[in-house]
Structures are given as structure tokens and as C-alpha cells.
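Me: I'd like to go through this one label by label, asking what earns each name. Could you put the cut-off next to the value every time?

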Amino acid sequence: MNLPFPPIASLHSPLLEQSLEVARQYMPSPAPILAAIDRQVPMPLKQLVAEAPLNRLFAKAIAEGEFDDFEGRRVRLEINGGQPGATIGFWAGRLRVVDGPGEATIRGSLIAFKTLAERRQDPDQLFFQRRLIIEGDTELGLGLKNLLDSLEWDLSPRRVLFP
């Protein structure tokens, strides 16, 4: 029987992958839409949605004291242009989403943050290529980058969203 479309396995061709990558590079950034949404969401809702998954994701490292050097400190993760972004701090053994600036800011494109989170490229390369930039307290920003690089973490939706 001839199917009117190729089987799923053949959809993972190098040509298709290259085409999708080119499309991703030339599609307009979703950052302006995300910024508009971000401005409308109140901080308590952001905290409710983000803090539990962050603390689940890094629970082992937090329990082992890996984040203790960041007690009372704040780092802002920001998409190029300033919005959207999130300031994350560590207090009393928990990662927290807070309002306001960070002592250090790590800024880059959505794709650079996605690449970093998925561990598809060495974090140092992203910084050397200036795809991610640290401003403010660079020692704090580099400390967090090095910590995250040293940890094993799983960003699968099942692991992040459900205990």
C-alpha cells in the first residue's frame, strides 16, 4: 500500500532539519509577544507558576548545598531588549522569583537560552560567541553559569511539572 505521505521515520532527514533551522533563523522573534504577556501577568502568579518547577528541577543540588553560595543573591535572566525576563534569587533553601533587577544579568536571545537549557552547546561557547552576555556582577553570573553547567538536570515536561 502506498501512503500519500512519507512515513514518520523518513521525516527526520538532514534536508528537513536544515530547512527547519533556516526557518527558525528567519522567523520573527516571539519576544515582543512574550513581553506583552509578561507585562500583564502579576508577580504572585509568576511566582506560583515558576518557583515550584524550579525547585523541583534543582531539588537534589539545593539539598546538597550547591546553591548555598547564592544565598540572598539575585540574578536576572533576560531576553535581548529587556523583556521578557525573570529575576531569580535564593533564600532560605529555595529558589525564588522576585521583582526587580538582579545583581548580575544574563542576557541573550530565546534561541541562546534554549540551546543552553537543552545543553546542545557548551555554555562557554555561548558566552565567547556573545550569544549570551553577563552584565553587572560578572563573578556572580559566572558562578551561576558554572554551577548550572556542573549539574545534571532534566528539562522534560514530566520532570519539571510533576513531582
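Reply: Sure, burial terms to begin with: buried means under 20% relative accessible area, exposed means over 50%, and partly exposed is whatever falls in between, with a 1.4 Å probe and protein chains only. This is a predicted model, where local features need pLDDT of at least 70 and side-chain atom pairs count only at pLDDT 80 or more, while totals for chains, interfaces and linings use all residues. Numbering starts from 1 along each chain as its sequence is written, and side-chain values use heavy atoms, leaving out hydrogens and water.

Me: Okay, why is Glu66 called partly exposed?

Reply: Its relative accessible area is 36%. That sits between 20% and 50%, so Glu66 gets the middle label. You'll find Glu66 in the loop between α4 (59-63) and β1 (74-79); helices (H or I, at least four residues) and strands (E, at least two) are DSSP runs, numbered from the N terminus.

Me: What makes Glu64, Glu66, Asp68, Asp69 and Glu71 a negative surface patch?

Reply: The sign comes from the residue types: Asp and Glu count as negative, Lys and Arg as positive, with His and the chain ends not counted. To join a patch, a residue needs over 30% relative accessible area and no salt bridge; like charges are joined within 9 Å, and nonpolar side chains (Val, Leu, Ile, Met, Phe, Trp, Tyr) within 5 Å. A charge is placed at CG of Asp, CD of Glu, NZ of Lys or CZ of Arg. Glu64, Glu66, Asp68, Asp69 and Glu71 form such a patch, and Glu66 at 36% is over the 30% limit.

Me: And which residues form the nonpolar patch on the surface?

Reply: Ile33, Leu34, Ile37 and Leu110, with about 340 Å² of accessible area together (Shrake-Rupley method, 1.4 Å probe, only the protein chains shown counting as cover for residues). Helix α2 (residues 31-40) gives the most, with 3 residues. Leu34 lies in that helix, and at 35% relative accessible area it is partly exposed and over the 30% limit.

Me: How do you know that Asp137 and Arg73 form a salt bridge?

Reply: The rule asks for a side-chain nitrogen of Lys or Arg within 4 Å of a carboxyl oxygen of Asp or Glu. For Asp137 and Arg73 the closest N and O atoms are 2.6 Å apart, so the pair qualifies. It links distant parts of the chain, 64 residues apart: Asp137 is in the loop between β5 (132-136) and α7 (138-150), and Arg73 is in the loop between α4 and β1. Asp137 is partly exposed at 26%, and Arg73 is partly exposed at 26% too. These two also belong to a salt-bridge network with Arg74 and Glu103. By this rule the count comes to 7 salt bridges.

Me: What does Glu78 pair with?

Reply: Glu78 meets Arg76 at 2.7 Å, N to O, and Arg107 at 2.5 Å. The Arg107 pair links distant parts of the chain, with Glu78 in strand β1 and Arg107 in strand β4 (residues 104-108), 29 residues apart.

Me: Why do Glu78 and Arg107 count as buried?

Reply: Glu78 comes in at 8%, under the 20% cut-off, so it is buried. Arg107 is at 19%, also under 20%, so it takes that label as well. Arg76 is buried too.

Me: What makes Gly102 buried?

Reply: Gly102 has 19% relative accessible area, which is under 20%, so buried it is. This glycine lies in the loop between β3 (94-98) and β4. Not counting residues up to four places away in sequence, Gly102 touches Arg74, Val75, Arg76 and Thr87, where contact means heavy atoms within 4.5 Å.

Me: Why single out Ala92 and Arg130 for their phi?

Reply: Most residues other than glycine have a negative phi. Ala92 has a positive phi of about 50°, and Arg130 has one near 65°. Ala92 lies in the loop between β2 (85-91) and β3, and at 64% it is over 50%, hence exposed. Arg130 lies in the loop between α6 (123-128) and β5, and its 57% is over 50% as well, so Arg130 is exposed.
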